[in-house]
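Reader: Please take a close look at the contacts between charged side chains in this structure. I would also like the surroundings described in one connected account.

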Amino acid sequence: MALDTADLDALVAEASKILDVAAQPFLDGHRADSAVRKGGNDFATEVDLALERQITDGLVSATGIGVHGEEFGGPPIDSPLVWVLDPIDGTFNYAAGSPMAAILLGLLRDGEPVAGLTWLPFTDQHYTAVAGGPLLRNGVVQPELSPTALSDSLVGIGTFNVDWRGRFPGRYRLAVLKGLSRVTSRPRMHGATGIDLAYVADGTLGGALSFGDHIWDHAAGVALVRAAGGIVTDLTGAPWTSQSRSALAAAPGVHSEILDILTAAGVPEDY
């Protein structure tokens, strides 16, 4: 479906109004208890469920575009146009009382992120971008990312248990963390993939690694990082797509240095 920059900007403007309204119940529900148990030790709060319904209804009414949400699903992510929503990124943080939680909303066109919105209500930070840039924080254009050294950077990395198995075993993740620590003593575990990606886009983090594959965790942030001039691949260095099983987002320079560390760590299957 053909959409020019003006069309995308108009859709982001409509979506921004809806997220602004959703920010108040997001704030009001802080420390909400688990309401729905999901796989492993994951859960959703009543606020997750209510916000997804509220935001979905608003988006469909205002834009006529369907919504694929974390809690209730929706149209396929390879639809001609579909919003992808995570009503609370960082649910553990949110339930525990940490401010490191966000609302993530991406717009996919045939599976490709063409717009991203990330709202951090507790810190009053709002990030938006459409394909081609620029990145905006609270409505203000941000400078494009410039080449940066890993040794000068904070780096976000996903949380883990060293005994985890699966695609990226805990011991593999620990090896990656060890490699990072030898170049930068500043790894950070925020426990919220979407926040890590937004912070890469605005230069707070030089890079971020995600060992996950959930589209709702990545769609918004991938759009933000690309619009800001950053690089997004999977952990092997292949271009990130909506089917990718991992993500590495970083500023130029940092990205290649982290890829070298990943290569030195070996393949996850060896762990």
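Author: A residue is called buried when its relative accessible area is under 20%, exposed when over 50%, and partly exposed in between, with a 1.4 Å probe and protein chains only. The model is predicted, so local features need pLDDT of at least 70 and side-chain atom pairs count only at pLDDT 80 or more, while totals for chains, interfaces and linings use all residues. Residues are numbered from 1 along each chain as its sequence is written, and side-chain values use heavy atoms, with hydrogens and water left out.

A salt bridge here is a side-chain nitrogen of Lys or Arg within 4 Å of a carboxyl oxygen of Asp or Glu. Six are counted by this rule. One of them joins Asp 213 to Arg 245, with 3.0 Å from N to O. Helices (H or I, at least four residues) and strands (E, at least two) are DSSP runs, numbered from the N terminus. The contact links distant parts of the chain: Asp 213 sits in the loop between strand 12 and helix 6, and Arg 245 in the loop between strand 13 (231-233) and strand 14 (247-250), 32 residues apart. Asp 213 is partly exposed at 27% relative accessibility, and Arg 245 is partly exposed at 44%. Through shared partners, salt bridges join Arg 167, Asp 213 and Arg 245 into one network.

Two further salt bridges can be described. Asp 202 meets Arg 137 at 3.0 Å, N to O. This pair also links distant parts of the chain, with Asp 202 in the loop between helix 5 (193-201) and strand 12, and Arg 137 in strand 8 (residues 136-137), 65 residues apart. Asp 202 is buried at 15% relative accessible area, whereas Arg 137 is partly exposed at 29%. Arg 171 forms a salt bridge with Asp 163 at 3.2 Å, N to O, and Arg 171 is partly exposed at 43% relative accessibility.

The loop that holds Asp 213 also takes part in ring contacts. Rings of Phe, Tyr and Trp (its six-membered ring) pair if their centres lie within 6.5 Å; planes under 30 degrees apart count as stacked, over 60 as edge-to-face and the rest as tilted. Seven aromatic pairs are counted in this way. In one of them, Tyr 172 and Phe 211 are edge-to-face, with 6.4 Å between centres and 80° between planes. Tyr 172 belongs to helix 4 (residues 170-183) and Phe 211 to the loop between strand 12 (207-210) and helix 6 (215-227), so the pair ties together parts 39 residues apart in sequence. Tyr 172 is buried at 3% relative accessibility, and Phe 211 is buried at 6%. Ring pairs also gather Phe 168, Tyr 172, Phe 211 and Tyr 271 into a cluster.

Tyr 172 leads on to a pocket. On a 1 Å grid over the protein atoms alone, a pocket is an open set of points where a 1.4 Å probe fits, with protein on both sides within 12 Å along at least five of seven lines; lining residues have an atom within 4 Å of a point. Grid points are joined across faces, edges and corners, and a volume is the space filled by probe spheres set on the points. The second largest pocket has a volume of about 220 Å³. It is lined by 13 residues, of which Tyr 172, Leu 235, Thr 236, Gly 266 and Pro 268 are the closest to its centre. Helix 7 (residues 254-265) supplies the largest share of this lining, three residues. Ala, Val, Leu, Ile, Met, Phe, Trp, Tyr, Cys and Pro count as nonpolar, Asp, Glu, Lys and Arg as charged, and the others, Gly among them, as polar. The lining then comprises seven nonpolar, four polar and two charged residues.

Arg 137, in strand 8, leads to a sheet. Two strands pair if DSSP finds at least two bridges between them. Seven strands form an open sheet of mixed pairing in the order 3-4-5-6-7-8-9, with strand 3 and strand 9 (140-141) as the edge strands, each pairing on one side only. Strand 3 (residues 67-69) runs parallel to strand 4 and is joined to it by three bridges. Strand 4 pairs antiparallel with strand 5 (residues 102-109) over six bridges. All eight residues of strand 4 (residues 82-89) are buried, so this strand is largely enclosed by the rest of the structure.
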